[in-house]
Amino acid sequence: MTNKKTPTSTSRRAALRAQQEAQESAKKRRRIIGVIVGVVVVAAIILAVVLGINHKSDSSASSTQITPPSATKTGVYTLNPDKVKKGAPTVTVYQDYQCPACKGAEDLLGKPLNDLSSKGEIKLQYHTLTFLDRNLRNDSSSRAAMAAAAADVVGKYEAYHDVVYSHQPKQEGAGYTDEQLRKEFASEAGITGANLTRFQHIYDTRQTEQFVNEANDKGLHKMQDLNAPSTPAFAVNDKLWEGWKQLGSNTTPDELLKAIDAAK
């Protein structure tokens with residue numbers, strides 16, 4: 001007896017084969033998707049690890065910040081601290097390297113102040129602010145302050161401070177170039193050899209940036225406490241001293257000391 005396939009049984013087997021093929025295709029798709037997802041996950045993990053390493057590296061670099069040896073964490077430099085005589089008055093100068101009036105005060109009193117400081121007759125302090133960056137829309141005050149802080153690390157703060165003011169641009173806001181700050185001024189201040197290499201590295205990597213920023217913030221608060229209207233501001237024994245404005249261009253160190261003593 002011949003076994004004949006009915007149309008119904010044939011269609012059922014065809015449907016079954018189609019279902020099996022569809023299931024196999026679905027399995028293959030799932031395997032492919034699984035492989036792709038696995039690759040993506042591995043790539044994501046690798047990326048996370050790389051980013052983590054870079055973040056740690058960046059954090060390490062940014063955390064390498066320096067407080068200059070002659071300064072406090074509040075931003076106050078003290079010149080010749082080992083020479084200060086007992087009972088000598090403290091003279092604190094609040095300044096900004098882009099401030100024309102600060103240059104005027106430096107031209108007027110810089111040398112006699114340095115003379116009194118070198119003899120221990122006064123405790124001379126400088127507190128550098130950088131607020132003029134905002135007013136003049138540049139960053140020269142901050143860069144000059146960072147460079148001066150780097151100069152202090154190699155023992156040349158006083159000389160570098162004086163050089164910056166001696167080269168302040170005649171046009172307010174013209175600012176200082178990196179070439180000036182890291183090379184020309186350093187050379188004129190006597191920073192050479194290994195000290196120059198170290199100074200430039202500190203400047204280039206902005207290792208004194210945090211110190212400079214905090215010094216500006218604290219300096220502004222201190223000036224408010226003193227009721228100082230602007231830079232330059234002078235304080236004698238932590239009290240605002242405006243008598244310096246009455247001094248002439250030929251003021252001697254002795255005359256300056258008498259004026260300072262009177263302000264005590």
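This tour goes through a predicted model, moving from one helix to a pocket, then to two cavities and a set of salt bridges.

**Helix α4**

Begin by selecting residues 140-153, which make up helix α4. At 1.5 Å a residue, these 14 residues should span 20 Å, and the C-alpha atoms at the two ends are indeed 20 Å apart, so the expected and computed lengths agree. Colour the helix by accessibility and α4 appears mostly covered, with 14 of its 14 residues buried. Then step past the end of the helix to Gly155, which follows α4 and has a positive phi, near 80°.

**The largest pocket**

Keep Gly155 selected, since this glycine is also one of the residues that line the largest pocket. To show the rest of the lining, add Ser70, the run Tyr77, Thr78, Leu79, Asn80 and Pro81, then Asp152, and finally Lys156, Tyr157, Glu158 and Ala159. The elements that give two or more residues to this lining are β1 (76-78) and α5 (157-166), and the largest share, three residues, comes from α5. The pocket has a volume of about 160 Å³, and its lining is mixed in class, with five nonpolar, four polar and three charged residues.

**The cavities**

Turn next to the enclosed spaces, of which a search of the whole structure finds three of 30 Å³ or more.

For the largest cavity, which holds about 60 Å³ of space, select Val93, Gln95, Cys102, Ala105, Glu106, Leu109, Gly110, Leu113, Tyr126, Tyr165, Pro232 and Phe234. Two elements, β2 (90-96) and α2 (100-118), each give two or more residues to this lining, and α2 gives the most, with six residues. By class, the residues around the largest cavity are nine nonpolar, two polar and one charged.

The second largest cavity, with a volume of about 50 Å³, brings the view back to helix α4. Select Gly75, Tyr77, Tyr97, Thr128, Ala145, Ala148, Phe211, Val212 and Ala215 to display its lining. Here the elements that give two or more residues are α4 and α8 (209-226), with α8 giving the most, three residues. The lining of this second largest cavity has seven nonpolar and two polar residues, and no charged ones. Tyr77 deserves a separate click, as this tyrosine lines the second largest cavity and also appears in the lining of the largest pocket.

**Salt bridges**

The structure holds 11 salt bridges, and three of them make convenient stops.

Start with Lys119 and Asp115, whose closest N and O atoms are 3.3 Å apart; Asp115 is partly exposed, with a relative accessible area of 25%.

Move on to Arg143 and Asp139, where the side chains meet in a salt bridge at 2.9 Å, N to O. Arg143 counts as buried because its relative accessibility is 11%, which is under the 20% cut-off, while Asp139 is partly exposed at 37%.

Finish in helix α6 (residues 178-188), where Glu179 and Lys183 lie four residues apart, about one turn of the helix. Their salt bridge has its closest N and O atoms 3.9 Å apart, and both partners are partly exposed, Glu179 at 41% relative accessibility and Lys183 with a relative accessible area of 41%. As a last selection, add Asp178 to Asp139 and Arg143, because these residues are joined into one network by salt bridges that share partners.

Conventions. Residues are numbered from 1 along each chain as its sequence is written. This is a predicted model: local features need pLDDT of at least 70, side-chain atom pairs count only at pLDDT 80 or more; totals for chains, interfaces and linings use all residues. Side-chain values use heavy atoms; hydrogens and water are left out. The expected span of a helix is 1.5 Å times one less than its number of residues. Buried means under 20% relative accessible area, exposed over 50%, partly exposed in between (1.4 Å probe, protein chains only). On a 1 Å grid over the protein atoms alone, a cavity is a set of points where a 1.4 Å probe fits but cannot get out, and a pocket is an open set with protein on both sides within 12 Å along at least five of seven lines; lining residues have an atom within 4 Å of a point. Grid points are joined across faces, edges and corners, and a volume is the space filled by probe spheres set on the points. Ala, Val, Leu, Ile, Met, Phe, Trp, Tyr, Cys and Pro count as nonpolar, Asp, Glu, Lys and Arg as charged, and the others, Gly among them, as polar. A salt bridge is a side-chain nitrogen of Lys or Arg within 4 Å of a carboxyl oxygen of Asp or Glu.
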